[in-house]
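Student: I should like to work through a protein model by question and answer. Please show me the sequence and the structure before we begin.

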Amino acid sequence: MVCPPDRPLSLSSERGPPDYPSLLVAAEEGPPQRREATRMSLKKTAPPADTGRSDHDHHHDYDVLVSGAGPVGLMLATELRLAGARVLVVERRLEPDTADKAGAINTAAAEAFERRGLLPALQAAFQRLSPGSPKAGGAGRPTSVGHFGGIQVPADPVDRRDPSLRDRGQQGWYLQVPQIGVEQVLGERAAELGVEVRRGVALRGFDADEAGVTVQLEGADDVRAGWLVGCDGGRSLVRRLAGFEFPGTDPEITGRQAEAVLEGAEQLGQGWQHTPTGLYVYGPKPGRIRTVELDGPPADREAPVTAAEMEASLRRVSGVDVRVTEVSSGSRYTDHARQVTGYRRGRVLLCGDAAHVHSPFSGQGLNLGLGDAVNLGWKLGATVRGWAPEGLLDTYTDERHPIGAWVLDWTRAQVAVMRGDANSRALRGVVTDFLGTRDGATYYVKRISGLWQRYDLGDGHPLVGATVPDLRLDDGTRLAGHAHDGLALLVDLTGDDQLAALAKPYAGRLALVRGSADGAGVGGLLVRPDGFVAWASAEGATDPAGLEAALTRWLGDDASRLD
């Protein structure tokens, strides 16, 4: 059950509510300085006048405190900063986590980076971390587009003419870049925007009330913030202390992965190998091993993965007399699948793995968390600034919970085809046949790319509720290039002055883009800051009444009351 905003939470595990500290950081009005855009944009104005909803009039050191400086926490912090919020990020680790995790991001996540102008930085990070490799997202058609429970999905049958897979910008279906590269790019962006990140500082408790949250930090003074967001991973302390319900399914497997030195590796099969005792895969990078055993969770997930453990697991699963002489890095995982019932309790919210945990199969975890952050950032920023329409923040759970639930089921289904019993082997054969067809391979790509994701934003044009296509405008620019500042976009391809007049009161929240785009199939678009289409009109039409309703729903009805 979601705790209403006016219900206080007292969650300091060691003491009662402390005295609130003095204001430590002077309030900065408005977002960071934005460069002059080449597009036809609305004149910037001062932030909205106080409507009684803004957090800025409360005694807060920061508007938002984010616990966790992984990619999700940093993405959220940058989105909040673009929205004008004062943000503090705390992270218990002194340095970024360099463990081998996700190796790519999907189309939906890559498009979010492109809309903020960060795609070149991600490509440069890939080249820096993988010297000698082809350019991230570059040329060369792969033979496989991924795997489902160890079943390789061939690339050739994919229907590249499918409307969802065409004209998706520069990044294709996924972008090869390791998670540490994503984190580095976001860390640099956060610093550019003036986000304060404190490493080696752990959250250890907090007290929440109807006006804000007082956070107790290890080895540092307490901090008073308007909101607290837990981006602190699958074992989230914020989630536990706030009392979020976290139902789900218990683990059945133990997965291990390592970068190692092997003897006898030439005896191992290439690609994912199913055996009666589990699965294993060696490569494609030399020395990279992954095993999956179907005998329950590990006794101790935190103990270091040793060469002896990795060797024993690989031998059990493969049946090959192979030796592992050294492990440079290793980790374990399970198929533990749980999700909070609501992403908000009063002034406390969860984002990323703190809100949902699942196995890493098909690599959806990082993409899911980044999507959470992009969805939440502008909504919480609007709430902080005082212009959020009634109920805007609650749409975070409404829109993201179903996507998280789908990812959990997607990973559960993969475990079902991994098992070694006769029923699972038969199911694996059926799924293998389906994924080898045009419909099956195309369905898989649309799912893992994130292009299937839609929000229920109303009826009307088919684009409403989907991510905006990256239109090429007649001046040579792409639509994504107009979204770097994190504002909503009103795209007018008809030249109708009625649309510009309706947009004018929303200056500072909305940028107006006027022009034409051959083959766009639309007359106008209202694009939320997270890239989802909130309103669209048919080609050659304007629909000012529909636009006005969408503007009120997503950007408020009091935008004209500006200083």
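The exchange below concerns a predicted model and moves from the whole chain to single residues.

Student: How many helices and strands are there in the chain, and what percentage of its residues is buried?

Tutor: The secondary structure comprises 12 helices and 25 strands. The chain has 563 residues. A residue is buried when its relative accessible area is under 20%, and the share of the chain that is buried is 56%.

Student: Among contacts between residues at least 6 apart in sequence, what percentage joins residues at least 24 apart?

Tutor: The contacts considered here are those in the chain between residues at least 6 apart in sequence. Of these, the share joining residues at least 24 apart is 73%.

Student: Over which residues does pLDDT stay under 50?

Tutor: The average pLDDT of the chain is 86, and 86% of the residues score at least 70. Where pLDDT is low, the predicted coordinates should not be read in detail. The model does have 130 contacts beyond four places in sequence for the segment in question, whose pLDDT stays under 50: residues 1–53.

Student: Which helix supplies the largest share of the largest nonpolar core?

Tutor: The largest nonpolar core has 69 residues, and those with the most contacts inside it are Ile105, Phe113, Phe206, Leu228, Val229 and Leu380. Its largest share amounts to 7 residues and comes from α7.

Student: How many residues has the other core, the one that includes Leu392 and Val407?

Tutor: This core lies apart from the largest one. Ala382, Leu392, Val407 and Leu510 are among its members, and its size is 66 residues.

Student: Where is Leu118 placed, and which residues does it contact beyond its neighbours within four places in sequence?

Tutor: Leu118 lies in the loop between α2 (107–115) and α3 (119–129). At 12% relative accessibility, Leu118 is buried. The C-alpha atoms of Leu118 and Val182 are 9.9 Å apart, although 64 residues separate the two along the chain. With neighbours within four places left aside, the contacts of Leu118 are Phe113, Val185, Leu186 and Arg189.

Student: Arg189 also takes part in a salt bridge; which residue is its partner, and is that partner buried or exposed?

Tutor: Side chains of opposite charge can pair when their charged atoms come close. Arg189 pairs with Glu192, with 3.4 Å between the closest N and O atoms. Both belong to helix α4 (residues 179–193), and because they are 3 residues apart there, about one helical turn separates them. Arg189 is buried at 17%, whereas its partner, at 61% relative accessibility, is exposed: Glu192.

Student: How many residues apart are Glu309 and Arg256, and which elements hold them?

Tutor: Glu309 and Arg256 form a salt bridge whose closest N and O atoms are 2.6 Å apart. The pair links distant parts of the chain, since Glu309 is in helix α6 (residues 307–318) and Arg256 is in strand β13 (residues 254–263), at a separation of 53 residues.

Student: Which residues are linked with Arg256 and Glu309 in a network of salt bridges?

Tutor: Glu309 is buried, with a relative accessible area of 19%, and Arg256 is buried as well, at 10%. The network that links these two also contains Glu293, Arg316 and Arg332.

Student: Asp394 forms a salt bridge with Arg344; what is the relative accessibility of Arg344?

Tutor: The closest N and O atoms of Asp394 and Arg344 are 3.1 Å apart. The two are 50 residues apart, with Asp394 in the loop between α7 (365–385) and α8 (395–418) and Arg344 in strand β19 (residues 344–345). Asp394 is partly exposed, with a relative accessible area of 39%, whereas Arg344 is buried at 9%.

Student: Why is Cys351 not bonded to Cys231, and how many disulfides are counted?

Tutor: Cys231 is buried at 11% relative accessibility, and Cys351 is buried at 1%. A disulfide requires cysteine sulfur atoms within 2.5 Å. The sulfur of Cys351 is 4.4 Å from that of Cys231, its closest cysteine sulfur, and is therefore too far for a bond. For the model, the number of disulfides is 0.

Note on methods: Residues are numbered from 1 along each chain as its sequence is written. This is a predicted model: local features need pLDDT of at least 70, side-chain atom pairs count only at pLDDT 80 or more; totals for chains, interfaces and linings use all residues. Side-chain values use heavy atoms; hydrogens and water are left out. A salt bridge is a side-chain nitrogen of Lys or Arg within 4 Å of a carboxyl oxygen of Asp or Glu. Buried means under 20% relative accessible area, exposed over 50%, partly exposed in between (1.4 Å probe, protein chains only). A nonpolar core is a set of buried Ala, Val, Leu, Ile, Met, Phe, Trp, Tyr and Cys residues joined through side-chain atoms within 4.5 Å. Contact means heavy atoms within 4.5 Å. pLDDT is the predictor's confidence in each residue, from 0 to 100.
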